[in-house]
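Got your viewer open and a selection box ready? Let's take a walk through this one, stop by stop.

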Amino acid sequence: MQPDSFAPDSPGAVLRLVRSGQASSRSDIARITHVSASTAATRVEALIDIGLLHETGAGRSRGGRRPRRLELRTDAGVVAAADLGANHATLALFDFGGALLEERSLPMDIADGPERVLGWVVEQVRALRTASDAPLAGLTVGVPGPVDFRAGRVVSPSRMPGWNGADVPALTKALVDVPVLVENDANLMALGEFSAAPDGCEHLVFLKAGSGIGCGVIASGALHRGARGAAGDISHAPVSDQQDVPCSCGRNGCLDAVASGAALARKLAEAGFDVQGTAGVVEIAKNAEPVSARMFRDAGRATADVLATIVNFFNPDTLVLGGQLSQAEPYVASIRSTLYERCLPMAVEKLTITPSRAGRRTGVIGGGQLMLEHLFDPNRVNALAQA
């Protein structure tokens, strides 16, 4: 992570203090940043002038006159997030305080290609805008494939035909003139879960087990992408005893080809089950039929074999199981038992293994948080205040 390049009493730093709840008045800002009352007032006025702060009511007195309370202008703008899956999308609108204003889930085919899908996303975001009169300030798009976040490009996705190298921000900004971010869906889900995690959680791993398999990592309270954005991509980790199973990447025995929802749908169909996609796989799991139950247990064990290496190496305090397969009890039970069998006792002694708290909203919550952090980055706020 690059060191912060802003002064601790800059407008951007002051806004961060108010957003985090550390400061709620001009006197708080002066005390925390060790500046004069007049300097604190100047920073606050700059933020009020650009429409990001306002003063409301009376705050708590520390002796003398009660100060005016500073608050973020949550109605100053809205941000949108789209979490794209293989065959569906969840879209949501949030105010500047991160409150959910509107949400919808709709069928969508990622194989339609970036131009068509992103055009459809923009149409849906415009429809969501009816939930607020505030201007749209940004859009985050989550995709079910690897992403070079800095470049804004999708990189060699296995289930997104036509998307390799797609410059999502450029394609989308041609349709809507606001900042656009693109991120891997599992990373956004990790961010969404972390925002709802209990106090004390600093290191979190999110497993997204749906039609494909992905993983997002929160390290010391921040999303860990790695050097190029490949951190957490476990979909092509090899499964030792499955080398006869071909994968779309050209290799054999990858976790995605062995234990994903798409892989289970294929295996169940070969076994004579009438199954339609990952949702159908989950429905079959609910019936506890012996042949299917064994398949789910095997898939859970293969997934946990890969996760065990992550848990031993990274030592998270929380592992969140999300995606449609997390609703299949044999799959989840197998993951739990295998992890406790394969991991070091110290690594799992206090490990919390929990289902997703936000469910299908997890990705869009993370997308909204990512955009808000981008918009309120202190360096960006400082530039706006000086314009």
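Start at the second largest pocket: select His88, Lys208, Gly210, Gly323 and Gln324, which lie nearest its centre among the 30 residues that line it. Keep in mind as you go that this is a predicted model. The volume of this second largest pocket is about 660 Å³. Now colour the elements that give two or more residues to its lining: β3 (78-84), β4 (88-95), α6, β10, α9 (277-285), β13 and α13 (362-375). Which of them has the largest share of the lining? That's α9, with three residues. Colour the lining of this pocket by class and you get 18 polar residues, eight nonpolar and four charged.

**Next stop: strand β10**

Lys208 from that pocket leads straight into β10, so select residues 204-209. Is this strand buried or exposed? Six of its six residues are buried, so β10 is largely enclosed by the rest of the structure. Show the side chains and look along the strand: Leu204, Phe206 and Lys208 point one way, while Val205, Leu207 and Ala209 point the other way. Lys208 is buried too, just like the others on that list.

**Widen out to the sheet**

Add the neighbours of β10. On one hand there's β11 (residues 213-219), which pairs with β10 in the antiparallel sense over six bridges. The two make a hairpin, with three residues between them. To check the register, select Val205 and look for its bridge partner in β11, Val217.

Then there's β13 (residues 318-322), which runs parallel to β10 and is joined to it by five bridges. Here the pair to pick is Leu204 and Thr318, which stand opposite each other.

Keep going past β13 and you reach β14, paired with β13 in the parallel sense over four bridges. Select Leu321 and you'll find Pro355 of β14 opposite.

Put it together and you have an open sheet of five strands in the order β12-β11-β10-β13-β14, with mixed pairing. Which strands stand at the edges? They are β12 (222-223) and β14 (352-355); each has a single partner strand, so one side of each is left without a neighbour in the sheet.

**A closed space**

Now hunt for enclosed room. How many cavities of 30 Å³ or more does a search of the whole structure find? One. To get to it, select Pro144, Gly145, Asn184, Ile213 and Ser235, the closest to its centre of the 26 residues that line it. Colour α6 (185-195) and β11, the elements that give two or more residues to this lining. You've met both already: α6 also contributes to the lining of the second largest pocket, and β11 is the hairpin partner of β10. The volume of the cavity is about 330 Å³. By class, its lining has twelve polar, nine nonpolar and five charged residues.

**Checking the cysteines**

How many disulfides are there? The count comes to zero. Cys215 is in no disulfide, and the nearest cysteine sulfur, in Cys343, is 13 Å away. Cys215 counts as buried because its relative accessibility is 3%, under the 20% cut-off.

Now try Cys249 and Cys254, a pair that might catch your eye. Why is there no bond between them? The sulfur of Cys249 is 3.7 Å from that of Cys254, the closest cysteine sulfur, and that is too far for a bond; the cut-off is 2.5 Å. Cys249 is partly exposed, at a relative accessible area of 31%.

**Two buried helix residues to finish**

Select Thr172 in helix α5 (residues 168-173). With 0% relative accessibility, Thr172 counts as buried. Show its surroundings and, leaving out residues up to four places away in sequence, you'll see that Thr172 touches Leu118, Val122, Leu139 and Val180.

Last, jump to Leu15 in helix α1 (residues 11-20). Leu15 is buried as well, at 0% relative accessibility. Beyond residues up to four places away in sequence, Leu15 touches Leu47, Leu52, Leu53, Leu72, Phe376 and Val381. For a sense of scale, draw a distance from Leu15 to Ala166: their C-alpha atoms are separated by 34 Å, and the two residues are 151 apart along the chain.

Definitions and conventions: Residues numbered from 1 in each chain as written. Predicted model: local features only at pLDDT ≥ 70, side-chain atom pairs only at ≥ 80, totals over all residues. Heavy atoms only, no water. Buried < 20%, exposed > 50% of the residue type's maximum accessible area, 1.4 Å probe, protein only. Contact = heavy atoms within 4.5 Å. Pairing = 2+ DSSP bridges. 1 Å grid on protein atoms, 1.4 Å probe; cavity = no way out; pocket = protein on both sides within 12 Å on 5 of 7 lines; lining within 4 Å. Points joined across faces, edges and corners; volume = space filled by probe spheres on them. Nonpolar A, V, L, I, M, F, W, Y, C, P; charged D, E, K, R; others polar.
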